[in-house]
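Student: I should like to learn how to read contacts, burial and strand pairing in a structure. May we begin with contacts?

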Amino acid sequence: MAKKRPQTKAKRPQLTDGQIPVVGAREPCPCGSGRRYKACHGRAAAQAVTELVHRPFEGLPGECDWVALRELVPAATVELTLKDGLPEGVPSVTLATVLPMAWPALRRDDGSVLLGLQNDTPSGDLSRDLADTLQRALTAEPGTPVQARRAPADGPRLQDLLDPKGAFEPVVHDGFEFWVPDPENASPDVTASLERANAAAIPTVKLTGVDSAYWCETPEKNHLRWVMPHPEEQLLDALARLHAAGRSSLGEGTRLVGSFRAHGLTVPVWDLPSEVRAEDVEKPAAEFAERLAAALATDAPLSADERRARGGLTNRQVTLS
């Protein structure tokens with residue numbers, strides 16, 4: 001009588017972390033551990049998706065203007081330079097503050113790409129989400145928008161795709177006509193979205209004499225909002241020194257009212273009289289930049305008046321992200 005051979009289970013092929021596919025949270029993990037995905041490899045994936053990157057644009061040319069276009073400027077565009085050059089059939093890649101119907105990106109009929117910046121993103125790394133959208137837009141069918149999705153946790157970031165030596169020169173627009181090459185022949189949905197966006201846009205002008213400072217007009221008063229690259233504590237000390245010395249204004253009737261944080265950078269804000277236009281603060285802003293540079297170079301302890309000024313500025317901070 002023939003002996004029965006002992007049955008052996010075939011060994012599962014070993015998968016590396018990069019080969020583990022994404023499955024439902026309660027499904028068995030594809031790695032073969034026997035645990036649910038959410039308790040195994042899904043835990044690391046979820047943490048990578050939700051972990052907040054406080055300075056998503058750090059290392060990119062024009063980091064301060066990236067922040068401004070994300071948080072402050074209604075309508076603006078920037079031509080982007082890719083590290084590996086433009087793919088065949090893509091004549092240009094343009095960053096835009098907002099796109100019609102809040103599309104994350106759009107591949108135009110001529111093959112050019114528009115990448116939207118002011119969109120809700122599903123993870124804590126805005127740079128990775130934008131890079132994923134950009135990559136999909138480069139291969140999308142011409143004439144189609146790109147929809148939002150959760151970017152792979154190990155996907156590239158903007159810093160991996162954009163040329164680190166490329167210029168970043170925002171062009172601020174009065175409205176959103178840049179959305180469509182021929183507004184008169186746009187679809188009804190796009191036309192309606194364009195009209196709503198233009199009606200809601202706050203008039204904004206980028207100063208030319210200093211970096212990343214934006215004048216804007218509101219019904220009651222105007223403002224200057226200036227994104228600065230300096231470390232927050234050092235910048236607040238410098239602003240406090242100038243404020244205590246009565247040298248923090250941008251001219252008669254103007255006032256430094258505080259600052260807010262956005263994507264890891266500090267943005268001081270000045271109130272301006274409604275009659276003060278962008279061109280009126282060009283020279284005062286350049287002079288303030290010189291005073292600020294001198295204050296930033298000072299490392300002496302703050303005086304009592306300077307500490308009180310710093311406390312006032314700190315109490316008026318607002319965190320956007």
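Tutor: Contact means heavy atoms within 4.5 Å. This is a predicted model, in which local features need pLDDT of at least 70 and side-chain atom pairs count only at pLDDT 80 or more, while totals for chains, interfaces and linings use all residues. Residues are numbered from 1 along each chain as its sequence is written, and side-chain values use heavy atoms, without hydrogens and water.

Student: Which residues does Ala-140 touch, not counting residues up to four places away in sequence?

Tutor: Ala-140 touches Arg-107 and Val-146. The C-alpha atoms of Ala-140 and Arg-107 are separated by 6.4 Å, although these residues lie 33 residues apart along the chain.

Student: Is Ala-140 buried or exposed?

Tutor: Buried means under 20% relative accessible area, exposed over 50%, and partly exposed in between (1.4 Å probe, protein chains only). Ala-140 counts as buried because its relative accessibility is 15%.

Student: How should strand pairing be read?

Tutor: Two strands pair if DSSP finds at least two bridges between them. Strands (E, at least two residues) and helices (H or I, at least four) are DSSP runs, numbered from the N terminus. Here, an open sheet of six strands has the order S5-S3-S4-S2-S1-S6, with mixed pairing.

Student: Why is one side of S5 and of S6 left without a neighbour in the sheet?

Tutor: S5 and S6 stand at the edges and each has a single partner strand, so one side of each lacks a neighbour there. By contrast with that topic, consider an inner pair: S2 and S4 pair in the parallel sense over four bridges, and Ala-96 has Gly-116 in S4 as its bridge partner.
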